[in-house]
Amino acid sequence: MPLLHISLRAGKPEAYRQAIFDGLYRAMREALNVPEDDQFMTITEHDVANFRYGNAYGVARSADVVYIQITVFNTRTVEQKKALF
């Protein structure tokens, strides 16, 4: 039962948010072998004042940056976690 939390700037259409959910779910099914309908995911949208990002490490980021937090318990192997990453 991996837990996912996605943070992004407010204003993206529902189809965009659903595509994120679908892509992450598909990746977990493939890499972590999660069971059918094992979906524990949230998306939080933030207004401009509550969403920060920088361009450190030589990576140019835009307001379209998406933060993804995945909590995977010790029932998954290191190989599975690397495959998901």
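**Exercise 1. Strand pairing and the sheet**

Task: Determine how many bridges join S1 to S3 in this predicted model, and in which direction the two strands run relative to each other.

Solution.
Step 1. The two strands are located in the sequence: S1 covers residues 3-9, and S3 covers residues 67-71.
Step 2. Counting the bridges between S1 and S3 gives five, and the two strands run antiparallel.
Step 3. One register point can be read at Leu-3, a residue of S1, which stands opposite Thr-71 in S3.
Step 4. The pairing can now be placed in its sheet, an open one of three strands in the order S2-S1-S3, with mixed pairing. S2 and S3 are the edge strands, each of them pairing on one side only. From one strand to the next, the twist averages 15°.

**Exercise 2. The helix across the sheet**

Task: State which strands H1 lies across, and at what angle H1 runs to S1.

Solution.
Step 1. H1 spans residues 14-32, and S2 spans residues 41-46.
Step 2. The strands crossed by H1 are S1, S2 and S3.
Step 3. Taken against S1, the direction of H1 is at about 150°.
Step 4. For the chain as a whole, the secondary structure amounts to two helices and three strands, arranged along the sequence in the pattern β-α-β-β-α.

**Exercise 3. Salt bridges**

Task: Find how many salt bridges the whole structure contains, and describe each pair.

Solution.
Step 1. The search of the whole structure yields three salt bridges. Side chains of opposite charge can pair when their charged atoms come close.
Step 2. Asp-64 pairs with Lys-12, and their closest N and O atoms are 2.6 Å apart. This pair links distant parts of the chain, since Asp-64 is in the loop between S2 and S3 while Lys-12 is in the loop between S1 and H1, 52 residues apart. Asp-64 counts as partly exposed at 44% relative accessibility, and Lys-12 likewise counts as partly exposed, at 24%.
Step 3. Glu-45 pairs with Arg-17, with 3.9 Å between the closest N and O atoms. Because Glu-45 lies in strand S2 and Arg-17 in helix H1, this salt bridge ties together parts that are 28 residues apart in sequence. The relative accessible area of Glu-45 is 37%, so this residue is partly exposed.
Step 4. Arg-29 and Glu-36 meet through their side chains, at 3.2 Å from N to O. Arg-29 counts as partly exposed at 31% relative accessibility, whereas Glu-36 counts as exposed at 62%.

**Exercise 4. Positive phi in a loop**

Task: Establish where Asn-33 and Asp-37 are placed, and whether each is buried or exposed.

Solution.
Step 1. Most residues other than glycine have a negative phi.
Step 2. Asn-33 has a positive phi, near 55°, although it is a residue other than glycine. Asp-37 also has a positive value, near 65°.
Step 3. Asn-33 is placed in the loop between H1 and S2, and Asp-37 is likewise in the loop between H1 and S2.
Step 4. Exposed means a relative accessible area over 50%. Asn-33 has 59% and is therefore exposed; Asp-37 has 59% and is therefore exposed.

**Exercise 5. A nonpolar surface patch**

Task: Identify which residues form a nonpolar patch on the surface, and explain why Leu-3 can belong to such a patch.

Solution.
Step 1. The patch consists of Met-1, Leu-3, Phe-40 and Phe-73, which together have about 350 Å² of accessible area.
Step 2. Patch residues need over 30% relative accessible area. Leu-3 is partly exposed at 33%, so Leu-3 passes this cut-off.
Step 3. Leu-3 thus takes part in the patch while lying in strand S1.

**Exercise 6. The chain as a whole**

Task: Characterise the extent, burial and contacts of the protein chain.

Solution.
Step 1. Along its principal axes, the C-alpha trace spans about 40 × 30 × 15 Å.
Step 2. The chain has 85 residues, of which 21% count as buried.
Step 3. The exposed area is about 6,000 Å², with carbon and sulfur atoms supplying 53% of it.
Step 4. Among contacts between residues at least 6 apart in sequence, 70% join residues at least 24 apart.

Key. Residues numbered from 1 in each chain as written. Predicted model: local features only at pLDDT ≥ 70, side-chain atom pairs only at ≥ 80, totals over all residues. Heavy atoms only, no water. Patch = residues over 30% accessible without salt bridge, like charges linked within 9 Å, V, L, I, M, F, W, Y side chains within 5 Å. Areas by Shrake-Rupley, 256 points an atom, 1.4 Å probe, with all protein chains shown as cover. Salt bridge = Lys/Arg side-chain N within 4 Å of Asp/Glu carboxyl O. Helix = DSSP H or I, 4+ residues; strand = E, 2+ residues; numbered from the N terminus. Buried < 20%, exposed > 50% of the residue type's maximum accessible area, 1.4 Å probe, protein only. Pairing = 2+ DSSP bridges. Axes fitted to C-alpha atoms, helices over the stretch in contact; angles between N-to-C directions. Contact = heavy atoms within 4.5 Å.
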